[in-house]
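Subject: Structure for your review

Hello,

Here is the structure I said I would pass on. My notes on it follow below the entry.

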Number of protein chains: 2
Amino acid sequence: MKRPTLEVVAARAGVSKSSVSRVVNGETTVAPEIRDVVMQAVRELGYVPNAAARNLVTRRTDAVAVVVSDPPKGVVSDDPLFSTVVRTVSRELEAVGRRVVLILAESDESRARVERYVAGGHVDGVMLVALHGADPLPAALARMGLPVASFNRTAATDVPYVALDNAGGAELAVRHLLERGRRRIATITGPLDLYESRERLEGYRATLRDTGRRSIVALGDFTRVSGAEAMRQLLEDDPDVDAVFAANDLMAIGALRTLHQAGRRVPDDVAVVGFDDIEAAAYTTPALTSVRSSMADQATATVRLLLALIEGGPRKPVIMPNELVVRESS
Amino acid sequence: MKRPTLEVVAARAGVSKSSVSRVVNGETTVAPEIRDVVMQAVRELGYVPNAAARNLVTRRTDAVAVVVSDPPKGVVSDDPLFSTVVRTVSRELEAVGRRVVLILAESDESRARVERYVAGGHVDGVMLVALHGADPLPAALARMGLPVASFNRTAATDVPYVALDNAGGAELAVRHLLERGRRRIATITGPLDLYESRERLEGYRATLRDTGRRSIVALGDFTRVSGAEAMRQLLEDDPDVDAVFAANDLMAIGALRTLHQAGRRVPDDVAVVGFDDIEAAAYTTPALTSVRSSMADQATATVRLLLALIEGGPRKPVIMPNELVVRESS
DNA sequence: CACCCCTCAGGGAGCGCTCCCTCATCCTTT
DNA sequence: AAAGGATGAGGGAGCGCTCCCTGAGGGGTG
């Protein structure tokens, strides 16, 4: 069951190790006949280069770490962000022949492990996902000089990122509700240690402020449960609320549930708008109006950014646009 | 920015490379004072062993490939199976100090890449997820002698797996509907090239058969869209249908949507039962009755199985139990 | 025709680590 | 007290690969 080495292939092909190496690595300075005989031997022996040996000398790994830094927060296991991002990223990296090493950094301990791992030079670059503002990881990674790109903005200003136009999206949502004639427009925020949450909240506030209306804010943490809870709070605090902008769809879904239980009709009594336009948004009752932000596109852009960084490209952030998808809930 | 090597650490500590190696690898045959002085040097220099070099000689990688073999099937990006499994597996492997190399095998081409990759000895074992019955990958991987464990049963009989009691779960669902007095119980199946789909269908059929009732079957593919479509079909084929057992929750959610649009009340006119009890099941309107099968537990069991396999454990399958969670939809 | 240059194959050092083997030291045992 | 055994440190080969360097051979130029 021993795998053939370069040397064995060379012997079989009757050429030197160097030539085989050149052929395998696609160098052009090889005579066609040597090329052919080597390829033949490679095929016959089922030769696969040993990545460890190669990595040992080249210092390149062809691997990228995808670090999902995020507290486990209970059972939010079907968080669509996670699968969309991981899936897209994996697909995109696969296409350029790079491996994905997935790392969940849920505790300080595992965060330390990530640092050690990355410091060990096992990967060519790191993509960061879902960090709260205070997370020390981005800065720590950036400090070790390895290419790092972040999905969403982080507190570490020197880490290039790809983010949405969050404030713009929130403005879209709120303007839409105003146009529908809503007067008491509340919001359910995401965790405020996340930039996106803060920006969405700020967009909501700014838009209302322009019309002289006051903000009605309840705090959530991007989970369905928190959305349901926040909606209950909102109903209690201000029974006349007639519209809600939830900072993501999961929370909007939670809010929908609370409204249903409380006997409020959507959109007749209360209009609801979410953010992200996840697939489930089209399957709620009533179907959810949402700010569409293609997480997949954002993920792709982040991968591209990281790859560019690895090639020595410029470290500049990217902002993705978004649009409003109007459905039954508003 | 050059990383220190074993040799440098040895020099600093005033001992031999061998001793440093022993300390770093936690061998016990080292005098405490040498241990201490080495640890000190390691700390001071921030030494992290080079995995490539280590792997080159030991042939161990401490990495496990998680292969998600699955056609891209459009936008089913928030498939809860994916995130739950990947997340759980990652967490579990992290805990035992192993890396996760995530590979999406969506095309024949990438499947070939997986084979080559695994053949290259880059990982100590492979965990397979979500394969359709005809997938040649499991057999191919098993053939190369590497430990392989599958999340769910596959066609390759020699690949150990962890599966649910699918037929039993279906029976639970159907019996429950019968007890509720339903007479025309239909089912929406998953893709029939999946064992789980076939087993759930078989469980449904067998249970109905025992009561002398006939089966009413519509085909789905585990997505919301397909559930909605199948429900439409069912309504058309048999307008008197008064209960539906969907082979997973996502399709049940799709069915709920169709029923809502068709003006049928749930559960009054039609009762709906899903399978998996994903988080979203509690957030539908009405909340979904579902067969609970902890995907997380199943994923954990699969990891354990794989780790045992790597240690040379026995190759025997594991079957997980399930229970019915009754909510408003039935 | 002689010389030089260019192209391209082969030789071999060395990447950082492990692990086998040797050997020094100290403790036991008779 | 001498010899054998246990313990544990050090030396060094070698894992499979890349890449620099050397040098052979062929073609072009004056």
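Which element gives the most to the surface near DNA strand C? In this predicted model, that is helix 4 of chain B, with five residues.

The DNA side

There are 29 residues around DNA strand C, and those that come nearest are Ser19(A), Ala31(A), Leu6(B), Tyr47(B) and Arg54(B). By class, this surface is made up of 12 nonpolar, 10 polar and seven charged residues. On the side of the strand, 65% of the DNA atoms within 4 Å of the protein belong to sugar or phosphate, and the rest to bases.

Three side chains are worth a look here. Ser19(A) has a side-chain N or O atom 2.7 Å from a phosphate oxygen of DNA strand C. In chain B, a polar side-chain atom of Arg54(B) also lies 2.7 Å from a phosphate oxygen of the strand. For Arg59(A), the partner is a sugar or linking oxygen of DNA strand C, 3.1 Å from an N or O atom of the side chain. Both chains supply helices to this surface: helix 2 (17-24) and helix 4 (51-58) of chain A, and helix 2 (17-24) and helix 4 (51-58) of chain B, are the elements that give two or more residues.

The contact between the chains

Chain A puts 59 residues into the contact with chain B, which in turn puts in 58. About 5400 Å² is buried between the two chains, and carbon and sulfur atoms give 54% of that area.

The polar part of the interface includes 16 residue pairs in polar contact, both residues being at pLDDT 80 or more. There are eight salt bridges between chain B and chain A. One of them joins Arg113(A) to Glu94(B), with the closest N and O atoms 3.6 Å apart.

On the side of chain B that touches chain A, at least two residues each come from helix 4, helix 5 (80-95), strand 2 (99-105), helix 6 (108-119), helix 10 (224-237) and helix 11 (249-261). Helix 5 gives the most, with nine residues. The residues on this side of chain B divide into 27 nonpolar, 14 polar and 17 charged.

The chains also pair through strands. Strand 2 (residues 99-105) of chain A runs antiparallel to strand 2 of chain B, over three bridges. Within that pairing, Val101(A) has Val101(B) as its bridge partner.

Regards

Key
Residues numbered from 1 in each chain as written. Chains lettered and ligands numbered in written order. Predicted model: local features only at pLDDT ≥ 70, side-chain atom pairs only at ≥ 80, totals over all residues. Heavy atoms only, no water. Near = heavy atom within 4 Å. Polar contact = N/O pair within 3.5 Å; in protein donor to acceptor, adjacent residues only side chain to side chain. Helix = DSSP H or I, 4+ residues; strand = E, 2+ residues; numbered from the N terminus. Nonpolar A, V, L, I, M, F, W, Y, C, P; charged D, E, K, R; others polar. Contact = heavy atoms within 4.5 Å. Buried area = accessible area lost by both parts, 1.4 Å probe. Salt bridge = Lys/Arg side-chain N within 4 Å of Asp/Glu carboxyl O. Pairing = 2+ DSSP bridges.
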